[in-house]
Amino acid sequence: MAVAILIPVSFFLVVFGITYLYYSTRNRERMALIEKGTDASIFNKGRSENASPVWKIFILNFALLLIGIGLAIFIASVLVATIGVLSEVAYPGTIFLMAGISLLVGFFVSKKLSN
């Protein structure tokens with residue numbers, strides 16, 4: 001019983017710790033810059049007004065990933081049925097291959113979308 005609850009609690013603690021460190025460090029850096037009198041426009045550096053929102057790029061990459069996985073399952077079933085490849089090899093192999101290809105395509109499409 002104690003082991004079953006240990007994993008979710010430790011996962012929550014790790015996520016909480018990472019977010020707490022990120023925001024507290026960012027706050028300390030900004031407060032130090034404000035004390036020095038530095039211009040606040042450096043916080044917006046790198047943000048372009050015509051850049052695509054993050055959620056559009058995420059949905060594009062997620063959709064391409066799901067398309068790649070679906071295509072991989074289809075290709076694996078064709079390999080198993082026609083060529084006789086072992087299903088233990090065909091399904092994971094094609095899923096990882098097509099997922100990688102779809103994420104690579106998503107990277108290039110989102111890069112083109114940003115420009």
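**Exercise 1. Compare the span of helix α2 with the span expected at 1.5 Å a residue.**

Step 1. Helix α2 has 30 residues, so at 1.5 Å a residue it should span 44 Å. The expected span is 1.5 Å times one less than the number of residues. A helix here is a DSSP run of H or I with at least four residues, numbered from the N terminus.

Step 2. The end C-alpha atoms of α2 are 42 Å apart, which agrees.

Step 3. Look past the end of the helix. G84 follows α2, and its phi is positive, near 90°.

A note on the model: it is predicted, local features need pLDDT of at least 70, side-chain atom pairs count only at pLDDT 80 or more, and totals for chains, interfaces and linings use all residues. Residues are numbered from 1 along each chain as its sequence is written, and side-chain values use heavy atoms, without hydrogens and water.

**Exercise 2. Do the same for helix α3.**

Step 1. α3 covers residues 87-114, which is 28 residues.

Step 2. From first C-alpha to last, α3 reaches 40 Å. That is close to the 40 Å expected at 1.5 Å a residue.

**Exercise 3. Find the buried residues of α2 and α3, and say what they pack against.**

Step 1. Fix the term. Buried means under 20% relative accessible area, exposed over 50%, and partly exposed in between, with a 1.4 Å probe and protein chains only.

Step 2. In α2, the buried residues are I57, N61, G68, A72 and A76. They pack against α3.

Step 3. In α3, the buried residues are A90, T94, M98, A99, S102, G106 and S110. These pack against α2 (54-83).

Step 4. Zoom in on S102 in helix α3. Its relative accessible area is 7%, so S102 is buried. S102 touches L64, L65 and G68, leaving out residues up to four places away in sequence. Contact means heavy atoms within 4.5 Å.

**Exercise 4. Describe how α2 and α3 pack.**

Step 1. Two packed helices are described by the angle between their axes and the distance between the axes.

Step 2. For α2 and α3 the angle is about 150°, and the axes are 7 Å apart. Axes are lines fitted to C-alpha atoms over the stretch in contact, and angles run from 0 to 180 degrees between N-to-C directions.

Step 3. α2 and α3 are therefore roughly antiparallel to each other. The cut-off for roughly antiparallel is over 145 degrees.

Terms used. Helices (H or I, at least four residues) and strands (E, at least two) are DSSP runs, numbered from the N terminus. Angles under 35 degrees count as roughly parallel, over 145 as roughly antiparallel, 65 to 115 as roughly perpendicular and the rest as oblique.
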